[in-house]
Amino acid sequence: MTTYVKTDIGRSEVSQRQHKLPPAVRSLLLLIDGQRDVATLRHFALSLHAPGDAIEQLQQLGLIALGSGKGEAAPADPAGPAPTDAAIRYITLSGLMSEGVRAYLGMRGFMMQLRIERCGSIDELLALLPDLAAAIGKARSREFGAQWESIVRSSIA
């Protein structure tokens, strides 16, 4: 089983955000814990709408490295324990919402992006989701906004 672990630089990136990673790529970095295999990470990357080569980008930046592949626990991570299912849902939803702002609202979505970043729980994000869908609906069409919201909700179910 091929796994990846965060390097010292990667653990530093989690707290200091020096590389200014796109939200989806940063979310993927947070999920790398030495326990999940590459197929699982690629599935998460897809659900986050990260670039197809996001894992390779993180590796090229020196933020992650190949793990032992023996299913051993990852080295102690000062950034905290491995993310729970709730944390994964939060990271996924936050990434999808940020991507929605970027893709459909652009600079008009700046204040909405700030609201997303202030959310500290999945419940807060879910409460904000209808507002974002309405803004996307206003920018594109009401049907598009409703369909986008439905897709996002099914992605985190």
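This briefing walks through a few contacts around helix H5. Keep in mind that the model is predicted. Helix H5 covers residues 85-105, and we'll look at Tyr 104, at the contact with helix H3, and at Tyr 90.

**The aromatic pair**
- You'll find one aromatic pair in the structure.
- Its partners are Tyr 104 and Phe 144, set edge-to-face with 5.0 Å centre to centre and 75 degrees between the planes.
- This pair ties together distant parts of the chain, since Tyr 104 sits in H5 and Phe 144 in helix H8 (residues 142-155), 40 residues apart.
- Tyr 104 has a relative accessible area of 24%, so it counts as partly exposed.
- Phe 144 has another companion: Arg 140 lies over the face of its ring, at 4.2 Å from the ring centre.

**Where H3 meets H5**
- Helix H3 (residues 38-48) and H5 have axes that come within 8 Å and cross at roughly 40 degrees.
- Because of that crossing angle, H3 is called oblique to H5.
- On the H3 side, the contact uses Phe 44, Ser 47 and Leu 48, while H5 brings in Ile 88, Ile 91, Thr 92 and Leu 96.
- Sorted by class, that makes five nonpolar residues, two polar ones and no charged ones.

**Tyr 90 and its contacts**
- Tyr 90 also belongs to helix H5.
- With a relative accessible area of 23%, Tyr 90 is partly exposed.
- Setting aside neighbours within four places in sequence, Tyr 90 touches Cys 119, Gly 120, Ser 121, Ile 122 and Leu 125.
- Take Leu 125: it is 35 residues from Tyr 90 in sequence, yet their C-alpha atoms are 7.8 Å apart in space.

Note on methods
Residues are numbered from 1 along each chain as its sequence is written. This is a predicted model: local features need pLDDT of at least 70, side-chain atom pairs count only at pLDDT 80 or more; totals for chains, interfaces and linings use all residues. Side-chain values use heavy atoms; hydrogens and water are left out. Rings of Phe, Tyr and Trp (its six-membered ring) pair if their centres lie within 6.5 Å; planes under 30 degrees apart count as stacked, over 60 as edge-to-face and the rest as tilted. Helices (H or I, at least four residues) and strands (E, at least two) are DSSP runs, numbered from the N terminus. Buried means under 20% relative accessible area, exposed over 50%, partly exposed in between (1.4 Å probe, protein chains only). A charge sits over a ring if NZ of Lys or CZ of Arg is within 6 Å of the ring centre and within 35 degrees of the ring normal. Axes are lines fitted to C-alpha atoms, for helices over the stretch in contact, and angles run from 0 to 180 degrees between N-to-C directions. Angles under 35 degrees count as roughly parallel, over 145 as roughly antiparallel, 65 to 115 as roughly perpendicular and the rest as oblique. Contact means heavy atoms within 4.5 Å. Ala, Val, Leu, Ile, Met, Phe, Trp, Tyr, Cys and Pro count as nonpolar, Asp, Glu, Lys and Arg as charged, and the others, Gly among them, as polar.
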